[in-house]
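Dear colleague,

I am handing over the structure we spoke about, and I would ask you to open it before you read further. My notes on what was found in it follow below.

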Amino acid sequence: MRGWHPGDVPAVLAAFAVPDMARQAAGPIDTPEAALEWMGFWGFRDDAQAFAVTVNGEVVGNVAVSNIDAHDTGWVSYWTSPHARGRGVATAAAAALAEWAFRERGLFRLELGHRLDNPASCAVAVRAGFTAEGIERAKLKYGDERHDVERHARLATD
């Protein structure tokens, strides 16, 4: 894990060019300016920190903690580029982020959620030490479609 750099624009553009990733963003990330704006969004927040996930020097994903609140709780998110999926990269990144968040940010509880139709993300969460806590019905909306979400959490004491 490392911070995002302007030289990472091609990796961000490639990642968000994939349809399953494109719908995860608030708006299109299809220009160098949009990629820089996305990276900058993470760089200037007190309630969040994002890291580029690298393998052998190549950026293959993102892992972040955001919405850090007064209860020492944060929201974890992650993604990997299609060519890096299925190799344990997201699991290792989520686990490393959790350790960083507990140690460096002093957080106690980390939460994450995944659509029920995304078993790969569930596997990442479980392997990274996040315990399933329940289903949030119709929590996410992409286009006109609503999705149920399974919430997971990991505590500093786990």
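Before we come to how a helix lies on a sheet, please keep in mind that contact here means heavy atoms within 4.5 Å, and that an angle between two elements is taken between their N-to-C directions, with axes fitted to C-alpha atoms. Please also remember that this is a predicted model.

With that in hand, you can look at α3, which lies across β1, β2 and β3 and runs at about 40° to β2.

These strands belong to an open sheet of 6 strands, whose order is β1-β2-β3-β4-β6-β5 and whose pairing is mixed. Because β1 (49–55) and β5 stand at the edges, where each has a single partner strand, one side of each is left without a neighbour in the sheet. From one strand to the next, the twist averages 30°.

The mixed pairing is easiest to follow in two places. β3 and β4 pair in the parallel sense over 3 bridges, and here Thr 73 has Arg 109 in β4 as its bridge partner. β5 and β6 (residues 145–155), by contrast, pair in the antiparallel sense over 8 bridges, with His 152 in β6 as the bridge partner of Ala 132. The hairpin formed by β5 and β6 has 2 residues between the strands, and in this hairpin Gly 143 takes a positive phi near 65°.

Which residues lie nearest the centre of the largest pocket? They are Met 21, Gln 24, Ser 77, Tyr 78 and Trp 79, out of 46 residues that line this pocket. Several elements give two or more residues to the lining, among them α2 (19–22), α3 (32–43), β3 (73–80) and α5 (119–127), and the largest share, 6 residues, comes from β3. The volume of the largest pocket is about 1400 Å³, and by class its lining has 24 nonpolar, 14 polar and 8 charged residues.

Finally, a word on annotation: an unreviewed UniProt entry places the feature "domain: N-acetyltransferase" at residues 1–156, and you should bear in mind that such annotations may be inferred rather than shown by experiment. Over residues 1–156 the chain is 31% helix and 35% strand, and the C-alpha atoms at the two ends are 20 Å apart.

When you go through the model yourself, I would suggest starting from β3, since this name links the parts of these notes: β3 is one of the strands that α3 lies across, β3 pairs with β4, and β3 gives the largest share of the pocket lining.

With best wishes

Terms used. Residues numbered from 1 in each chain as written. Predicted model: local features only at pLDDT ≥ 70, side-chain atom pairs only at ≥ 80, totals over all residues. Heavy atoms only, no water. Helix = DSSP H or I, 4+ residues; strand = E, 2+ residues; numbered from the N terminus. 1 Å grid on protein atoms, 1.4 Å probe; cavity = no way out; pocket = protein on both sides within 12 Å on 5 of 7 lines; lining within 4 Å. Points joined across faces, edges and corners; volume = space filled by probe spheres on them. Nonpolar A, V, L, I, M, F, W, Y, C, P; charged D, E, K, R; others polar. Pairing = 2+ DSSP bridges. Axes fitted to C-alpha atoms, helices over the stretch in contact; angles between N-to-C directions.
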